[in-house]
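Colleague: Please take a close look at the aromatic pairing in this model, and then at what surrounds it. Short sentences, please, as I am new to this.

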Amino acid sequence: MTGGMLDPRCRRVLISGGGTGVGADLARGFAAAGAEVVICGRREAPLRAVAEATGARVLLADVTDEIQVERLFAEAGRCDVVIANAGAATSAPFGRTTLQDWNAMLAVNLTGVFLTFREGLAQIADWGRLIAVASTAGLKGYPYVAPYAAAKHGVVGLVRSLALEVARKPVTVNALCPGFLDTEMTDRSVETIMQKTGMSAEAARQTLAAHNPQRRLIQPAEVTSAALWLCCAGAEGINGQAIAIAGGEA
């Protein structure tokens with residue numbers, strides 16, 4: 001899973017978007033490593049399913065709503081690790097992108113990270129880790145997802161700036177930037193490609209996998225392993241980084 005044990009100060013971990021995909025895998029990984037896990041999201045059913053398998057505590061919250069995020073941390077209690085994982089993606093040609101589409105992508109993918117980190121940092125005591133699950137879209141461009149890429153670039157900028165503010169504290173701030181993942185979100189992208197191009201499901205998945213020089217989709221467990229590593233002894237100097245998990249994609 002990782003090259004070492006969790007820092008003993010890593011007691012409680014909060015994971016947004018913890019009901020599916022990477023968030024669910026993060027919950028499983030941190031629970032297996034011995035941390036108390038709190039997962040949050042907007043849909044209760046998938047959160048409860050993860051909780052049954054991991055023992056995680058479930059809290060409902062929309063990370064785009066300031067009041068709900070404030071209440072989330074009040075109910076969660078002091079968290080040592082805060083993972084801003086909640087996100088969403090849509091695709092459309094830029095000329096057909098509405099202001100509503102733009103605002104929706106920034107709200108969940110960027111504002112949600114801002115609110116989660118702000119409230120998370122405010123209650124960190126003697127040690128902490130703030131981790132954003134971003135994307136290679138925060139490091140480069142992709143066609144038809146301009147609002148999503150802009151939001152993820154914003155997350156990387158937020159991480160780098162906040163890391164400098166906390167650099168003299170026992171707190172680090174980093175972003176994990178996976179390439180195309182083998183998750184439900186990618187399944188939806190595959191469906192969109194099939195509808196627009198007539199490709200088979202396998203061909204559509206191969207189109208996405210081709211972005212990775214290893215010619216494969218990234219597994220959620222690879223993101224979890226990186227997050228766990230950031231919470232182990234020896235990772236104190238990793239701060240303000242956007243860590244690509246993408247098989248060498250540039």
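Modeller: The count comes to one aromatic pair. Its partners are Tyr142 and Phe180. Keep in mind that this is a predicted model. A pair of aromatic rings is described by the distance of the centres and the angle of the planes. Here the centres are 5.6 Å apart. The planes meet at 70 degrees, and the pair is edge-to-face. The reason for that label is simple: planes over 60 degrees apart count as edge-to-face.

Now place the two rings on the chain. Tyr142 sits in the loop between strand 5 (128-133) and helix 5 (146-165). Phe180 sits in the loop between strand 6 (171-178) and helix 6 (184-197). The two residues are 38 residues apart, so the pair links distant parts of the chain.

Are these residues buried or exposed? Tyr142 has a relative accessible area of 13%. That makes Tyr142 buried, because the cut-off for buried is under 20%. Phe180 comes out at 25%, so Phe180 is partly exposed.

Stay with the loop that holds Tyr142. Tyr144 lies in the loop between strand 5 and helix 5 as well. Most residues other than glycine have a negative phi. Tyr144 is not a glycine, yet its phi is positive, at about 75 degrees. Tyr144 counts as exposed, with 53% relative accessibility.

Now follow Phe180 to a cavity. The count is one cavity of 30 Å³ or more. Rolling a probe the size of a water molecule over the atoms shows where empty space is left. The largest cavity holds about 30 Å³ of space. Phe180 is one of the residues that line the largest cavity. Gly179, Leu208, His211 and Asn212 are also among the lining residues. So are Arg216, Ile218, Ala246 and Glu249. Sort the lining by class, and you get four nonpolar, three polar and two charged residues.

Leu208 in that lining leads to a helix. Helix 7 covers residues 201-209. Its buried residues include Ala204, Leu208 and Ala209. Why do these residues count as being on the same side of helix 7? They cover an arc of only 140 degrees around the axis, which puts them on the same side.

After helix 7 comes a loop that leads to helix 8 (220-230). Arg215 lies in this loop between helix 7 and helix 8. Arg215 has a positive phi of about 55 degrees, although it is not a glycine. At 57% relative accessibility, Arg215 counts as exposed.

Two other spots are worth a visit. Ser16 is in strand 1 (residues 12-16). With 2% relative accessibility, Ser16 counts as buried. Its side chain reaches two backbone nitrogens: that of Asn85 at 2.9 Å, and that of Ala86 at 3.0 Å.

The other spot is Ala167, in the loop between helix 5 and strand 6. Ala167 counts as partly exposed, at 46% relative accessibility. Compare its position with that of Gln214. The two are 47 residues apart along the chain, and 35 Å separates their C-alpha atoms.

Back to your request. The edge-to-face pair joins Tyr142 and Phe180. Tyr142 is buried, whereas Phe180 is partly exposed. Phe180 also helps to line the largest cavity.

Terms used
Residues are numbered from 1 along each chain as its sequence is written. This is a predicted model: local features need pLDDT of at least 70, side-chain atom pairs count only at pLDDT 80 or more; totals for chains, interfaces and linings use all residues. Side-chain values use heavy atoms; hydrogens and water are left out. Rings of Phe, Tyr and Trp (its six-membered ring) pair if their centres lie within 6.5 Å; planes under 30 degrees apart count as stacked, over 60 as edge-to-face and the rest as tilted. Helices (H or I, at least four residues) and strands (E, at least two) are DSSP runs, numbered from the N terminus. Buried means under 20% relative accessible area, exposed over 50%, partly exposed in between (1.4 Å probe, protein chains only). The arc is that of the directions from the helix axis to the C-beta atoms. On a 1 Å grid over the protein atoms alone, a cavity is a set of points where a 1.4 Å probe fits but cannot get out, and a pocket is an open set with protein on both sides within 12 Å along at least five of seven lines; lining residues have an atom within 4 Å of a point. Grid points are joined across faces, edges and corners, and a volume is the space filled by probe spheres set on the points. Ala, Val, Leu, Ile, Met, Phe, Trp, Tyr, Cys and Pro count as nonpolar, Asp, Glu, Lys and Arg as charged, and the others, Gly among them, as polar. A polar contact is a pair of N or O atoms within 3.5 Å; within protein, one must be able to donate a hydrogen and the other to accept it, and residues adjacent in sequence count only if both atoms are side-chain atoms.
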